[in-house]
Each structure stands twice: as C-alpha cells, then as structure tokens.
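Student: I would like a close look at a single part of this model, followed outward into the helix packing and the core. Could you take me through it slowly and in a connected way?

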Amino acid sequence: MPHPDHPEFRIKLPGVDLVARGRLLDTIGNNGSPKFLLLEGSSVTATDWPKLGDYGRRLRAELRSDWSLVDDRPGYWVANRDIECNSPSAAATVVLGYNAGGPETWRTADGHPLSDYLPGSWRVPHKAWLVRGSNVSGHNLVRRLWLADGIVSLSGAHLPPLDESDPTKSALRSYIEEGYEGSATYSQKHGLVDDIHAFLTQMRVGDTVVTLADGLLHLGEIDGPAEQTDSPGGLSNLRRKAGWQPEGLPYENLPEEVQQKLSVQHDVVDLTPIADVLVRLRTPVAISAPAVDLPPEEAKELALPPVDEALAGELLVDGTDWLEEVRELLLEERQLVFYGPPGTGKTYLAMKLAEHFGGGPEQVKLVQFHPSYAYEDFFEGFRPVEDPETHDVAFRLTAGPLRELADLASREGNRHVPHFLIIDEINRANLAKVFGELYFLLEYRRKSVRLTYSGDDFALPPNLFVIGTMNTADRSIALVDAAMRRRFAFVELSPRTEPTRGLLHRWLEREQLDPEPARLLDALNERIGDPDFAIGPSYLMKPGIDADNRLRRVWRTKILPLLEEHHYGEGEDIEARYGLDALRKSLP
C-alpha cells in the first residue's frame, strides 16, 4: 500500500502539458529500493528512445501487451490502471522512455525530489567535517564546552523532539517548519535542514571533525552517535562525542586548500575532498625504512618552472631579468595584465609564457572580452540546451570557461599543476558585470563565496593563474578602476621600454634582414609622442618586410589607418607627417 507519510510525486513530460503521478509504497523491491506505484491516468511517452535499456524496453512492451498502457493523444500513452513498479527509477523509465533516475526525477508539487524522502544511503567509509562553534549566539562553545567535555554540537533551540534517529530530509523539513515558524527565514530554514541532516545522518563514528576558534584549527574524531538533549538556551542540544587533539594548529600555517574550504559559510561543511590532508595534520607520520629500494617520490608542490636563456632567446627578450620578474609577480599575485599600445606582442607573450609555466597548451584557456560579455558567458549561467533524445529545448545551468578551468585545476592530482586563463582585451568588458562575486576572490584567494546561480560555495584554486591583455589605444589605462588595479599586477609592454623596445631590431637580426624597418619604426614613435598610441613592432615582424613594396603595403594598410583614427578631426596630413618618404628623410 502507499506509504502513509509520503506525498504524491509527479513527472512533467518534456514539451507538453502532460503529467505522470505516483506514490512510494511501503514494501521493498528486489533491488533494495522502495517499490513505486504509477497511478492510473498518468501520461507516458510512446517513444522508446535510443538510450532505453533492455529491461525498460521489455517492461514497457509487457505493459502495452496487457493493456496497462493504452493509446492517448498522438505520441503518448496513458496508464489504464495503477501499475506497481520495482522502484521509482523503473517507474520513471516507463514514463519517459529512457533510463532515468527516479529519486531525482520524481518530485513533489513543491519541487522537492523523492530522494529527500528516502533513508540515508551508502557513503564513503571515511568523511571529514567542519562544525562551527566559536560563535553560537555570541558564545564560544569550542573553548567553553567542546574541548573540555569531548563533544561537538549544533544548536537546535526550536527543534521539536525527534521521533527517529536517522530522519530523512523530508521529515526534518517538517520538524523545522513546525519549530521555526516565524523565527527563521526560508533561506535559514533551508540551511538548517542541510546542516542538521548532515550532523544527524551523514556523520559517522570514526569521521574526522574540525573546528575553528581563537585563530586555531582544532582536529578530532567523531566518537559516538548523535543525541538530542536539553541545553541552556538550546545552544548545544544536538551532540556527538568527539575526541579532540590537545593542541590546535595556527590558521595561517594551514595549507591553502584547507584555508579555502574553511571559509565556506555554513555551520556544517563536508570536507571530505580534503580528508586526506586533514588526516595528515591530525596523525603523526611514522618514519621507517622502506620495504623495497624505490627512488624517493618527488614532492608535488605548486611551482612555476624557472626561466632561462633559451626561453629568452625564443621570445627575443633581452636577458632573463624581465621574465623572472613576471614569474615572481605571477607567484605573488596570481593575476597580472600586460598593457600597452597595439602590436606590442601582449597576447603572444601571454600565450607563450602560460604554455611555458603551465607545461603545455592543455593547461591554457583563452577568452576575449567584448562589451556584451557577461557573467553568464564567463563563469556560469542558464543557457538554452537541446535534449539529444527528445529534442526539447530547456534552459540548463552551463559552465563557462572560468568554471571549466577552475574545476579542472582543482581535480585531485592536478592541484600542483599551474593552469592559466588568458583574458584578451580585458578592458573592453564591464568587469564588475563579468566577474560578479568572483571579483572578491581575485583579491582573497583563500576565501570562498556563494555562487549566484548554482548556489555552490566556490573558491579559485591556488594553481589557477590569470593573465589579461589591455590595449591602451582602445581605452586608456587611466580609466581602469581602483578595484581592478588592486587585484592585478600591471606590466607595461611599450616601444619605449624593454622587452618591446629592441624587439624588432633583434628579430631583423635573427632573420638576417635589413635593419631599416626598425629604424623607421623608432622614428615614427618619436613623432607620435603619445606612448598610448605608439606602434608596436609586430606589424613589421613579417617575412620579406625589408622589401620596399612589402614595407610600403604594411605601412599603408596597417599603420597609417591607426594614425588617421588617432588624429581624426584634427586636419592632420598623415602621409606628410608619418609616411615612409617623410620618415626616411629624417633618418641620419
């Protein structure tokens, strides 16, 4: 019979106003999942999609043959009776015509997934948790209670007595709605459900637990089951026994990946992704002789490869001092901007250095900003996506280039490998609009923020570096706001400074070409005067540029149009002032 404590669940069929309805049964199917009743009158798609498995095809065929599913409108069937299915997933597969996960597909009228109504399932054997207790309604329970009494606790001041030791999220939601009515916002109630569910049902004896107090990280281990008890003011009436280490670790000495996770703003935070790091902090490492003669494993720490004369020679940079300064800036700041007039090699250098420091192009992603570029393009947002099976179009949360690269950089085994995001023309977009809350993370790399769309707590991984390029002829460097200046180191690439100043001379010498184009470019930039509108050497770094016809064509079609735009409306005779013939007459 239908489970008396569970509501009716629904699936809305894609692209039409048809709905399937069902209820959980109080009996268990042969796969260990509760059975599910697909209710009479439920709509079912008539199409067997390519990804439908053999079991689903056979089940749908049997239901058709015994008239349990009969024709309805074109392309759809309807349930002619209540149909008992072995599991919610089997029922969802019958309805949709392809293999579907029932716990997430079936939802209540309020949108809550069926999984909220199922008991806790298998989880990894060892997990790690952060539980906050240094400021519980103004009280430092870590110092006053936890360390002294060997416990860890949560506040549940308005939580009614619980009838079960392992409540589902649905049951907890009901308890919290009852107890916190009028005393907590919807968002606060949602957070309470997640925190209390994790504390009561997800934590297990043997899990690592940590907390922060007075600038110290305290590490311990869960020693007992959850208990609900009375406490003064309801500050600690959900408790577990915990064995704490006698000494805390200074926060500033913790690994950066630990600091990032500790910045997540919840009372209970799942730290399982860094559980191995916490175990190493908690457990002294015994030193013993190796059982076999193996070479020592190299330490996998984040570092940028050194620069050398070979790299300087490849990039035609005069010496290694400038390259070493860029390397040090990246390690210190994590993000910098190459700025200068057009043709100074900003994007080229950014890509070459990123590939060198990252170990190859697979660790480098390039995006170009423009005036209509937005947060949804750059990080994540809802975009129209066509279902490959039903061909219905729906808006789905989609990752942008920064989210993709950050997820790649933060994977286990990748955290010591530098990854680079190159943002070409970074000053052509509205940066506050593009970065959103991520602007904060550019300055505070050891913190995390709650994301606008997914709601995830996100931190920029320490091995993610950002190099931007900025054309000063397009928008003056003076127009960059103070917030961006504070978050990026700015490195000038200009014909008046190295490594750009002598670049064309060095390139012509390497290519064994006449040096005249370099002398003409120097004379041109002296006449221009304004360093933001100087002409970079890359316009002339082309094969055969020492041939007069080739040089004149580049000068006429690439360089003079830039100067005409610069002097627009001034009545300047561009050819007379900047033409090749005029410049050649000025050369000694």
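Tutor: Let us begin with Ser 68, which, when residues up to four places away in sequence are not counted, touches Leu 63, Val 78, Ala 79, Asn 80, Arg 81 and Ile 83. Bear in mind throughout that this is a predicted model. Ser 68 lies in the loop between H1 and E5, and its relative accessibility is 1%, so that it counts as buried, the limit for that class being under 20%. Trp 67 has its place in that loop between H1 and strand E5, the strand covering 69-71, but with 63% relative accessibility Trp 67 counts as exposed. The backbone at Trp 67 also deserves attention, as its phi is near 65°, a positive value in a residue other than glycine. Most residues other than glycine have a negative phi.

The helix that precedes this loop leads to the first piece of packing. Helix H1, residues 54-65, packs with helix H2, residues 88-96, at an angle of about 70°, and their axes are 10 Å apart. That angle makes H1 roughly perpendicular to H2, since the range for this class is 65 to 115 degrees. On the H1 side the contact is made by Tyr 55, Gly 56, Leu 59, Arg 60 and Leu 63, and on the H2 side by Ala 90, Thr 93, Val 94 and Val 95. Sorted by character, the residues of the contact of H1 with H2 are six nonpolar, two polar and one charged. In its handedness, the crossing in which H1 passes H2 is right-handed. Leu 63 links the two parts of this account, being among the H1 residues that make the contact with H2 and also among the residues that Ser 68 touches.

A second residue with an unexpected backbone angle can be set beside Trp 67. Glu 425, although it is not a glycine, has a positive phi of about 55°, and is found in the loop between strand E20 (419-424) and helix H14 (431-435). Whereas Trp 67 counts as exposed, Glu 425 is buried, with a relative accessible area of 19%, a value to be read against the limit of under 20%.

Further along the chain there is a feature of the peptide bond itself. The bond from Glu 498 to Pro 499 is cis, with omega near 15°. Most peptide bonds are trans. Pro 499 is found in the loop between strand E24 (489-492) and H17, which brings us to the next set of helices.

Helix H17, residues 503-510, packs with H18 at an angle of about 170°, and their axes are 8 Å apart. H17 is therefore roughly antiparallel to H18, the class for angles over 145 degrees. In this pair Leu 504, His 505 and Leu 508 of H17 meet Pro 517, Ala 518, Arg 519, Leu 521 and Asp 522 of H18, and the residues of the contact divide into five nonpolar, one polar and two charged.

H18, residues 516-528, also has a partner in helix H19, residues 548-566: the two axes come within 14 Å and cross at roughly 20°, so H18 and H19 are roughly parallel to each other. The crossing in which H18 passes H19 is right-handed. Here Glu 516, Pro 517, Leu 520, Leu 521, Leu 524 and Ile 528 of H18 meet Leu 551, Trp 555, Ile 559 and Leu 563 of H19, a contact whose residues are nine nonpolar, no polar and one charged. Pro 517 and Leu 521 appear in the contact of H18 with H17 as well as in that with H19. Asn 525 lies in helix H18 too, and at 14% relative accessibility counts as buried. Leaving aside neighbours within four places in sequence, Asn 525 is in contact with Pro 495, Ala 534 and Ile 535.

Finally, we turn to the core. The largest nonpolar core has 33 residues, and those with the most contacts inside it are Trp 146, Val 152, Leu 159 and Ile 196. Among the elements that each supply at least two residues of this core are helix H4 (141-149), strand E9 (151-154), helix H5 (169-179), helix H6 (186-202) and strand E13 (238-244), and the largest share, six residues, comes from H6. Ile 196, not counting residues up to four places away in sequence, touches Leu 154, Leu 159, Leu 172, Ile 176 and Leu 238.

Key: Residues are numbered from 1 along each chain as its sequence is written. This is a predicted model: local features need pLDDT of at least 70, side-chain atom pairs count only at pLDDT 80 or more; totals for chains, interfaces and linings use all residues. Side-chain values use heavy atoms; hydrogens and water are left out. Axes are lines fitted to C-alpha atoms, for helices over the stretch in contact, and angles run from 0 to 180 degrees between N-to-C directions. Helices (H or I, at least four residues) and strands (E, at least two) are DSSP runs, numbered from the N terminus. Angles under 35 degrees count as roughly parallel, over 145 as roughly antiparallel, 65 to 115 as roughly perpendicular and the rest as oblique. A crossing is left-handed if the near helix is turned anticlockwise from the far one by less than a right angle, and right-handed if clockwise. Contact means heavy atoms within 4.5 Å. Ala, Val, Leu, Ile, Met, Phe, Trp, Tyr, Cys and Pro count as nonpolar, Asp, Glu, Lys and Arg as charged, and the others, Gly among them, as polar. A nonpolar core is a set of buried Ala, Val, Leu, Ile, Met, Phe, Trp, Tyr and Cys residues joined through side-chain atoms within 4.5 Å. Buried means under 20% relative accessible area, exposed over 50%, partly exposed in between (1.4 Å probe, protein chains only).
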